[in-house]
Amino acid sequence: MVLLLAVAGFTQFQVSVPPFLRSEANFPERALGLLFALNMLVVGAQVLVARWIGKTPLVYLLAGTGLGWALASTVIGFAPKEPLLAFLGALLYSVAELLFVPAAGGVVIALADLEHRARSLAFSSVVWAIGEGESAWIAGTLLERGTSLALWGGTIAMMVVMSFLAWGFVRWPEPKPLLQSVVVNEVGTDDG
């Protein structure tokens with residue numbers, strides 16, 4: 001459920017922000033391109049922060065992602081009144097995306113034992129498909145009907161719920177590196 005909600009929030013930036021800003025804030029294509037360039041620059045910084053992120057418990061990464069995307073959605077929702085807020089919202093979204101990307105795969109690995117890891121990863125692909133498809137359809141429907149307040153309010157609520165759900169799993173096991181798990185199982189213990 002946490003991953004499904006997170007994927008739905010992840011999708012909103014790519015799916016909802018361009019048509020919303022185009023129709024509600026009269027954003028030109030060039031400004032939208034700059035928003036996504038900003039996103040790519042921040043996400044590209046993941047290489048620089050990967051070591052720190054890799055040591056952070058998944059609970060903090062997922063809870064921080066949800067709160068970051070809730071804040072970003074709040075700021076983007078006000079962009080028609082002050083267009084510069086769109087850039088602040090994109091920056092907040094992108095920073096939260098830095099937390100989400102490693103946590104999205106890490107949570108699946110953390111919850112699956114080695115025997116069922118492939119099945120769990122396959123199921124997470126289904127969760128991604130459902131989360132992206134459903135959230136894109138809902139967002140498109142709300143934007144088409146001119147109910148952007150419901151879109152951003154719903155996204156904010158969904159991200160806050162996701163953060164609380166993630167925080168509830170403080171006792172999640174942290175993932176073991178895949179190679180270490182395989183070596184331990186193949187070689188066995190010191191006794192044989």
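Reader: How many helices and strands does the secondary structure of the protein chain come to?

Author: In this predicted model, the protein chain has eight helices and zero strands. Read from the N terminus, its elements run α-α-α-α-α-α-α-α.

Reader: How should the packing of two helices be described?

Author: One gives the angle between the two axes and the distance that separates them. Here, helix α4 (residues 58-77) packs with helix α7 (residues 148-167) at an angle of about 165 degrees, and their axes are 8 Å apart. Angles over 145 degrees count as roughly antiparallel, so α4 is roughly antiparallel to α7. The crossing of α4 past α7 is left-handed. Sorted by class, this contact of α4 with α7 contains 15 nonpolar, seven polar and no charged residues.

Reader: Which residues have the most contacts inside the largest nonpolar core?

Author: As a general idea, nonpolar side chains in soluble globular proteins tend to be buried together. In this structure, the largest nonpolar core has 44 residues, and L21, F27, L35 and F100 have the most contacts inside it. At least two residues of this core are supplied by each of α1 (2-24), α2 (29-44), α4, α5 (84-111), α6 (117-144) and α7. The largest share, 12 residues, comes from α5.

Reader: Which residues does L35 touch, not counting those up to four places away in sequence?

Author: L35 touches F13, V17, L21, F27, A86, F87 and A90.

Reader: What percentage of the 192 residues in the protein chain is buried?

Author: Buried residues make up 40% of the chain. As for contacts with a separation of 6 or more, 82% are between residues 24 or more positions apart.

How values were computed:
Residues are numbered from 1 along each chain as its sequence is written. This is a predicted model: local features need pLDDT of at least 70, side-chain atom pairs count only at pLDDT 80 or more; totals for chains, interfaces and linings use all residues. Side-chain values use heavy atoms; hydrogens and water are left out. Axes are lines fitted to C-alpha atoms, for helices over the stretch in contact, and angles run from 0 to 180 degrees between N-to-C directions. Helices (H or I, at least four residues) and strands (E, at least two) are DSSP runs, numbered from the N terminus. Angles under 35 degrees count as roughly parallel, over 145 as roughly antiparallel, 65 to 115 as roughly perpendicular and the rest as oblique. A crossing is left-handed if the near helix is turned anticlockwise from the far one by less than a right angle, and right-handed if clockwise. Ala, Val, Leu, Ile, Met, Phe, Trp, Tyr, Cys and Pro count as nonpolar, Asp, Glu, Lys and Arg as charged, and the others, Gly among them, as polar. A nonpolar core is a set of buried Ala, Val, Leu, Ile, Met, Phe, Trp, Tyr and Cys residues joined through side-chain atoms within 4.5 Å. Buried means under 20% relative accessible area, exposed over 50%, partly exposed in between (1.4 Å probe, protein chains only). Contact means heavy atoms within 4.5 Å.
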